[in-house]
Amino acid sequence: MTIGEMVMQIDDTDRRILRNLLADPAMAVAALAERAGITTATCWRRIEKLREAGVIRGTQAVIDWRRLGWEIEVSLRFTLDKTHPRAFDEFIAAARLVPEVLEIQTFLGQTDVRLNVIARDMEHWKEIYRDRILTLPHIQDTEALMLVSSIKDTTELPL
């Protein structure tokens with residue numbers, strides 16, 4: 001949270017709205033209002049208030065990239081050479097340009113950056129790794145963890 005951002009206080013009605021939106025983001029406002037036990041107009045106002053406060057940041061399609069032929073997922077952990085003052089910025093800028101990188105996270109601790117990368121198959125993975133990952137700047141050390149299975153993958157919150 002940055003300076004100026006405040007934590008929004010929500011009530012049980014807001015929680016019902018958010019739980020139902022998480023379950024079905026495409027749900028019509030009228031149906032959402034019925035499930036939340038409020039009028040459609042009230043529901044609409046509350047949704048707008050949640051959007052304005054930044055609680056609801058958007059609605060998106062969740063695409064199963066595996067069904068499109070992407071079979072490999074690898075989590076790469078990097079330790080960067082922090083003797084260079086712009087190591088993080090330059091590494092992240094270059095990693096953003098790799099189309100197969102789905103996620104970039106930074107950490108405090110032994111791991112500095114984690115990339116989540118997908119590939120169509122092992123041959124494609126080797127190409128990505130050799131030509132685009134290992135050429136990223138300021139890498140001191142890396143560890144690759146190939147995903148075998150996802151046990152829990154959710155966007156649900158304990159609301």
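**Notebook: a look through the model**

I started with Asp14, and its place is in helix H1. Reminder to myself: this is a predicted model.

**Asp14.** Is Asp14 buried or exposed? I looked up its relative accessible area and got 4%, so I wrote it down as buried, because buried means under 20%. Next I checked what Asp14 touches. Leaving out residues up to four places away in sequence, I found Arg46 and Leu50.

**Helix H2.** I moved on to H2, which covers residues 29–36. Which residues of H2 are buried? My list reads Leu32, Ala33 and Ala36. I then looked at how they sit around the axis: they cover an arc of only 100°, which means they are on the same side of H2. That made me recall a rule for helices. An α-helix has 3.6 residues a turn, so residues three or four places apart point the same way. Turning to the other side of H2, I noted Glu34 and Arg35 as exposed.

What do the buried residues of H2 pack against? I found two partners, helix H1 (12–23) and helix H3 (40–52). I also checked what follows H2, and there I met Gly37, with a positive phi near 75°.

**The sheet.** Here I traced an open sheet of 4 strands, paired antiparallel, and I wrote the order as E2-E3-E1-E4. Which strands stand at the edges? I got strand E2 (101–106) and strand E4 (139–146). Each has a single partner strand, so one side of each is left without a neighbour in the sheet. I looked up the twist too, and from one strand to the next it averages 20°.

Zooming in on one pair, I saw E2 and strand E3 (residues 113–119) joined over 5 bridges, in the antiparallel sense. I picked out Thr106 and found it opposite Val113 in E3.

**Helices on the sheet.** I followed helix H4 (residues 87–96) and saw that it lies across strand E1 (72–80), E2, E3 and E4. Its angle to E2 is about 165°. Helix H5 (residues 122–133) packs on the sheet as well, where I noted that it touches E1, E2, E3 and E4. The direction of H5 makes about 140° with that of E3.

**The largest pocket.** Last stop. I read off a volume of about 1300 Å³ for the largest pocket. How many residues line it? I have 32 in my notes, and those nearest its centre are Leu22, Pro25, Gln60, Val62 and Thr155. As for elements giving two or more residues to this lining, I listed H1, H2 and H3.

Key. Residues are numbered from 1 along each chain as its sequence is written. This is a predicted model: local features need pLDDT of at least 70, side-chain atom pairs count only at pLDDT 80 or more; totals for chains, interfaces and linings use all residues. Side-chain values use heavy atoms; hydrogens and water are left out. Buried means under 20% relative accessible area, exposed over 50%, partly exposed in between (1.4 Å probe, protein chains only). The arc is that of the directions from the helix axis to the C-beta atoms. Contact means heavy atoms within 4.5 Å. Two strands pair if DSSP finds at least two bridges between them. Axes are lines fitted to C-alpha atoms, for helices over the stretch in contact, and angles run from 0 to 180 degrees between N-to-C directions. On a 1 Å grid over the protein atoms alone, a cavity is a set of points where a 1.4 Å probe fits but cannot get out, and a pocket is an open set with protein on both sides within 12 Å along at least five of seven lines; lining residues have an atom within 4 Å of a point. Grid points are joined across faces, edges and corners, and a volume is the space filled by probe spheres set on the points.
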